[in-house]
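Student: Could you take me through one part of this model closely? I'd like to look at how the two protein chains meet, and then at what lies around that.

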Number of protein chains: 2
Amino acid sequence: MREVAALAKVSIKTVSRVVNREPGVSPALARRVMSASERLDYRHNLTASSLRRSDGRSATIGVVLEDVANPFSSALHRSIEDVAVERGVLVLAGSSDEDESRERRLVRAFGSRRVDGLIIQPAGHDHSYLLAERKAGTAIVFVDRPPGFLDADTVLTDNAAGVRRGVKHLASHGHKRIAFLGDLRTISTAAERLRGYKEELTALRIAFDERLVRLDLRGIEKAEAATTALLALKPRPTALLTGQNLVTIGAFRALRRAGLHTKVALVGFDDILLADLLVPGITVIAQDPGAIGRTAAEVMFRRLDGDRSPFQQHIVVTKIITRGSGEIAP
Amino acid sequence: MREVAALAKVSIKTVSRVVNREPGVSPALARRVMSASERLDYRHNLTASSLRRSDGRSATIGVVLEDVANPFSSALHRSIEDVAVERGVLVLAGSSDEDESRERRLVRAFGSRRVDGLIIQPAGHDHSYLLAERKAGTAIVFVDRPPGFLDADTVLTDNAAGVRRGVKHLASHGHKRIAFLGDLRTISTAAERLRGYKEELTALRIAFDERLVRLDLRGIEKAEAATTALLALKPRPTALLTGQNLVTIGAFRALRRAGLHTKVALVGFDDILLADLLVPGITVIAQDPGAIGRTAAEVMFRRLDGDRSPFQQHIVVTKIITRGSGEIAP
DNA sequence: CTTAGAAATGACAACGTTGTCAAAAGACAA
DNA sequence: TTGTCTTTTGACAACGTTGTCATTTCTAAG
């Protein structure tokens with residue numbers, strides 16, 4: 001900047017004004033500065049700028065995801081990015097791998113880079129450690145799962161309601177023995193989905209049978225094994241409701257191996273790429289990661305723009321996509 | 001830091017030493033500083049640190065991907081992250097959407113945040129604009145596609161060789177009328193794959209028939225339409241080789257709709273989630289995005305550690321995964 | 001006890017910006 | 001011309017660190 005100022009024969013402050021498009025610089029000078037900075041190919045130093053600015057803004061936000069490579073998380077990531085780029089804001093992303101300490105490490109690393117905002121798909125259950133960040137002015141929004149021990153803006157899928165709709169869908173096709181296969185109960189969304197399952201059974205006056213419920217299934221293999229076990233039950237379930245992506249895939253594999261994929265109904269929570277090309281196509285309760293991410297980013301930027309209203313919980317609805325597997329009669 | 005120094009009754013420089021784990025601080029003082037910074041919950045300011053440091057390192061790298069939500073790109077992203085976190089480095093990621101100007105905007109934004117390194121999956125074809133970044137000390141590595149008008153480290157898949165293996169695989173099952181469906185020819189990987197197709201036909205002494213080649217297919221729909229057209233040819237192709245992810249999906253859809261999915265062989269470039277659950281399973285030439293990303297990150301950090309050897313091109317090999325669709329006889 | 005040398009600590013400037021405020025230049029009226 | 005008001009410009013400090021180098025404190029040998 002000093003060199004640009006020297007070449008344009010102005011003060012360094014004037015260069016700063018031009019670079020930041022501050023008003024009150026005569027067009028003649030502005031042009032001179034621009035061409036000088038062009039010639040020297042000057043690159044504005046945002047770290048110095050952010051250090052000096054009174055608001056300390058870095059035009060960067062941090063996003064903690066379960067795994068940047070997981071389809072749901074990366075869809076969130078993308079929709080957050082889309083909102084951010086419009087404002088010239090860049091996104092630091094990191095994977096927590098469902099590990100509380102990694103989540104904290106990431107947040108600390110983001111914090112020392114002075115991100116303006118934080119969007120977190122929580123791994124842990126105690127987020128009181130974020131109070132320090134908030135006090136420092138960082139806007140914090142949770143996605144997909146609610147925070148623990150911290151009041152904050154949150155954007156969630158209607159997990160329980162979605163599953164209820166799925167159960168009802170199966171019941172409307174005549175099913176009564178509907179099994180449920182779920183992910184780790186420590187993950188709040190998994191717990192919510194289980195709750196939806198139980199609630200809808202009650203509403204439909206179907207007796208809850210705990211042998212039809214398999215939980216804490218992490219990954220395709222475990223789900224496949226659990227499904228195989230379920231299918232071996234004496235009166236076997238006539239329908240399966242799977243509470244997560246990979247669980248759905250595992251269940252489908254097991255059904256196929258048992259040759260029951262056209263006999264036993266299946267409804268999965270969360271959409272799967274290619275689900276429509278399978279035989280039968282898999283009926284799913286689809287989330288809308290794009291809407292979740294977009295909402296979260298918008299809420300966050302609104303906070304950064306000064307919104308001081310009480311923290312809110314935003315719910316993004318699911319929708320059932322029927323493709324065949326959920327419409328098999330018992 | 002000033003406050004911590006005051007509370008611990010030491011100079012600010014000693015606090016800096018403790019924070020940076022510099023040697024030469026007596027254990028007693030170090031403890032005092034630690035507890036003081038604990039009590040005030042001091043958060044190290046990396047932007048100030050990076051501004052002052054002589055090497056100007058920000059412990060942050062920038063990654064330009066085609067789309068952070070695309071499975072291949074996000075797998076790259078994840079493996080880069082894994083290498084970076086080990087060194088306490090964070091990753092800024094952005095999507096170019098195959099748009100040259102977005103790529104440049106992202107690079108500029110990364111540059112003004114003074115990233116230490118840049119990993120780019122190129123959208124554009126002229127990367128001479130990166131000379132300025134390089135002069136500033138930024139390490140630059142290209143992944144998936146080679147740079148244009150710039151000599152730089154590059155990590156590529158053996159596209160042509162992979163396709164050749166795919167064609168040979170089909171030929172070994174008796175196919176002679178092998179069609180090729182490819183992505184935009186402006187994308188270098190797509191061009192390479194087409195080259196591999198032609199080369200292998202020549203090697204096998206199969207005459208090249210341009211009616212069997214459909215290019216510039218971007219997205220599932222276009223691929224589906226092109227496949228349908230191919231299947232309507234008088235002597236129709238007995239096998240398809242698809243040059244990209246979505247093209248494979250589109251081709252498979254078309255085959256299914258025509259009821260030819262068990263008659264016409266299909267080999268796709270790039271693996272597809274769930275490909276093993278389809279009927280038939282889809283045989284693919286699989287890339288290894290994990291290895292590509294890891295290699296790129298390692299090369300980049302080696303450069304940052306002072307490696308001054310000539311720029312190199314690293315090739316990551318593909319492997320054929322047979323699942324049924326590629327083993328159908330003509 | 002002294003003294004040389006090593007180890008620990010601190011004072012101060014500097015990194016590249018922007019906020020503050022004062023000074024200079026321009027516009028207009030009397 | 002002068003005076004007043006507005007617009008444009010610049011000098012300088014400060015943001016929170018770390019590099020440099022000087023000073024103080026400790027250690028161990030004589």
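Tutor: Here is a walk through the meeting of the two chains, then the DNA side, then one helix of chain B. Keep in mind that this is a predicted model.

Start with the symmetry. A turn of 180 degrees with a shift of 0.1 Å along the axis lays chain B on chain A, at an RMSD of 0.1 Å. That is how a two-fold axis relates two copies. If you want a landmark in chain B, go to Leu92(B): its C-alpha is the nearest to the axis, 2.2 Å from it.

Leu92(B) also turns up in the strand pairing. Strand β2 of chain A, residues 90-95, pairs with β2(B) in the antiparallel sense, over three bridges. Within that pairing, Leu92(A) has Leu92(B) as its bridge partner.

Now widen the view to the whole interface. Here 42 residues of chain B are in contact with 42 residues of chain A. On the chain B side, β2 (90-95) is joined by α4, α5 (71-85), α6 (100-112) and α11 (245-257), each supplying at least two residues. By type, that side of chain B splits into 21 nonpolar, twelve polar and nine charged residues. The copies meet through the same surface, because 100% of the interface residues of chain B are interface residues in chain A too.

Helix α4 leads us on to the DNA. Around strand C there are 24 residues, and the closest are Met1(A), Ser16(A), Arg52(A), Ser11(B) and Arg52(B). Two or more residues each come from α2 (12-19) and α4 (46-52) of chain A, and from α2 (12-19) and α4 (46-52) of chain B. Strand D also has 24 residues around it, with Ser11(A), Arg52(A), Met1(B), Ser16(B) and Arg52(B) coming nearest. Again α2 and α4 of both chains give two or more residues each. The surface near strand C divides into nine nonpolar, ten polar and five charged residues, and the surface near strand D into nine nonpolar, ten polar and five charged.

Last, have a look at α12 of chain B, residues 289-304. Its 16 residues reach 22 Å from first C-alpha to last, close to the 22 Å expected at 1.5 Å a residue. The buried residues of α12(B) include Ile292(B), Ala296(B), Val299(B), Met300(B) and Arg303(B). The buried residues of this helix pack against α5, along with β1 (60-65), β3 (117-120), β4 (139-143), β5 (153-157) and β11 (313-316) of chain B. Just past the helix, Gly306(B) has a positive phi of about 110 degrees.

Note on methods:
Residues are numbered from 1 along each chain as its sequence is written. Chains are lettered from A and ligands numbered from 1 in the order in which they are written. This is a predicted model: local features need pLDDT of at least 70, side-chain atom pairs count only at pLDDT 80 or more; totals for chains, interfaces and linings use all residues. A residue is near a molecule or strand if its C-beta atom, placed from the backbone, lies within 6 Å of it. Helices (H or I, at least four residues) and strands (E, at least two) are DSSP runs, numbered from the N terminus. Ala, Val, Leu, Ile, Met, Phe, Trp, Tyr, Cys and Pro count as nonpolar, Asp, Glu, Lys and Arg as charged, and the others, Gly among them, as polar. Copies are superposed by least squares on the C-alpha atoms of residues with pLDDT of at least 70 in both. Two residues are in contact if their C-beta atoms, placed from the backbone, lie within 7 Å. Two strands pair if DSSP finds at least two bridges between them. The expected span of a helix is 1.5 Å times one less than its number of residues. A residue is buried if 20 or more other C-beta atoms lie within 10 Å of its own, exposed if 12 or fewer, and partly exposed in between; C-beta atoms are placed from the backbone.
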